[in-house]
Amino acid sequence: MVDIQKAAIIGCGFVGSTIAYSLMQKGIFSELVLIDADHKKAEGEAMDISHGLPFSHAMDIYAGEYEDIKDAAVIIITAGANQKPGETRLDLVQKNARIMKSIIGEIKKADCEGILLIVSNPVDVLTHVALKESGYSPKRVIGSGTVLDTARLKYLLSEKLKVDSRNIHAFIIGEHGDSELAVWSCANIYGIDIQQFGKLRGCENFQNEMDEIYRAVRDSAYEIIERKGATYYGIGMAAARIAEAIVRDSHTVAPVSVLLNGEYGLSDLCLSIPTIIGRDGAEQVLEIEFNAEENEQLKKSAQELKQVLTSCE
Ligand SMILES: NC(=O)c1ccc[n+]([C@@H]2O[C@H](COP(=O)([O-])OP(=O)(O)OC[C@H]3O[C@@H](n4cnc5c(N)ncnc54)[C@H](O)[C@@H]3O)[C@@H](O)[C@H]2O)c1
């Protein structure tokens, strides 16, 4: 039986510990288990993060073992190597696929019933590996996908247009990586078409600015990694938001990485598409009418991912 107030994080490096910190501040769980190959590190993170509890919400955060996560409602996997400067997410594939397979083996042994949220990169490939290895329903295995990239898009648009990023509805789909695309045909600000809003804010040729913003989003991770070696705050908030949608059963729309089963003419791979997220995980993958160019780009993104998938299976 799943305890809806319990979560687990496997891999407590920069990303895992930042997600733990975000979850602690959100106050949506009463128990959080941290697992890492380096148990001492998990213990240290649990101690450090717990010292913030007097400023947030009562919660039990501890370093544990797989037997402790049997009843966790959400299991977040961030274990694996991160990108080194100049390395693409796809370069990480062989190394992290091996780690993912061994973790899924442990999760299966523990007889878990919760939702798996995959964050380790390359996230689309590893979500597929986790799905195949676990044999779980595709609803139960989701990747954080382009939820982070979408947040980056909203932030950069908000900076350019000088508007609250929460008024922006725009999203990135496809691979969480170099072949991702912005779906401009669906983008709006407070319901106002994005080009029209650009004009209202004094940007005469906003299309050029949009192209530049897309490139900045796509290359964000490289830029950050070159400067500080890793990215973790944005993904910390993004993963906590996905976990919240599951626990609160809020039917939130977010571009998570999910198994495609004929949607958009694509199948047998995971990539990011706006999906309804609730207590059961990925409730519905939305099949939206994109324009012809976007459909073409999505297909290309899928082809690139398919090539990597065949190389690691
Ligand atoms: N999806 C996203 O948007 C996104 C964003 C940023 C980073 N990432 C990815 O998250 C992953 C983690 O990044 P990081 O910066 O935290 O790396 P990190 O090296 O700081 O942490 C990785 C942790 O995983 C642990 N680990 C390794 N093998 C393990 C195993 N078999 N079982 C349990 N723990 C194990 C390591 O001990 C380490 O603590 C990377 O793959 C990175 O590319 C994803």
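**Ligand shell and two backbone details**

Me: Which residue has a polar backbone atom 2.8 Å from an oxygen atom of the ligand?
Reply: In this predicted model, an oxygen atom of the ligand has a polar backbone atom 2.8 Å away. A polar contact is a pair of N or O atoms within 3.5 Å, so this pair counts as one. The residue that supplies the backbone atom is Val15.

Me: How much of the ligand does the protein bury?
Reply: Besides the backbone atom of Val15, a polar side-chain atom of Asp36 lies 2.6 Å from an oxygen atom of the ligand. A polar backbone atom of Ala37 is 3.1 Å from a nitrogen atom of the ligand. Taken alone the ligand exposes 870 Å², and the share of this that the protein buries is 84%.

Me: Which element gives the largest share of the shell around the ligand?
Reply: The ligand sits in the second largest pocket. Two elements, α1 (14-26) and α3 (93-109), give two or more residues to the shell. The largest share is three residues, and these come from α3.

Me: How many charged residues does the shell around the ligand have?
Reply: The ligand is surrounded by 24 residues, and the closest are Val15, Asp36, Ala81, Asn82 and Val119. Both domain 1 (3-143) and domain 2 (147-312) give at least three residues to the shell. By class, 12 are nonpolar and 11 are polar, and the number that are charged is one.

Me: Which residue does a cis peptide bond join to Asn121?
Reply: Most peptide bonds are trans. The bond that follows Asn121 is cis, with omega about 0°. Its partner is found in the loop between β5 (115-118) and α4 (123-134). That residue is Pro122.

Me: Which residue in the loop between β10 (188-189) and β11 (192-193) has a positive phi?
Reply: Most residues other than glycine have a negative phi. In this loop, between β10 and β11, a residue other than glycine has a phi near 55°. The residue is Tyr190.

Terms used:
Residues are numbered from 1 along each chain as its sequence is written. This is a predicted model: local features need pLDDT of at least 70, side-chain atom pairs count only at pLDDT 80 or more; totals for chains, interfaces and linings use all residues. Side-chain values use heavy atoms; hydrogens and water are left out. A residue is near a molecule or strand if one of its heavy atoms lies within 4 Å of it. A polar contact is a pair of N or O atoms within 3.5 Å; within protein, one must be able to donate a hydrogen and the other to accept it, and residues adjacent in sequence count only if both atoms are side-chain atoms. Accessible areas come from the Shrake-Rupley method with a 1.4 Å probe; for residues, only the protein chains shown count as cover. On a 1 Å grid over the protein atoms alone, a cavity is a set of points where a 1.4 Å probe fits but cannot get out, and a pocket is an open set with protein on both sides within 12 Å along at least five of seven lines; lining residues have an atom within 4 Å of a point. A molecule sits in a cavity or pocket if more than half of its atoms lie within 2 Å of its grid points. Helices (H or I, at least four residues) and strands (E, at least two) are DSSP runs, numbered from the N terminus. Ala, Val, Leu, Ile, Met, Phe, Trp, Tyr, Cys and Pro count as nonpolar, Asp, Glu, Lys and Arg as charged, and the others, Gly among them, as polar. Domain bounds come from an automatic or database domain assignment.
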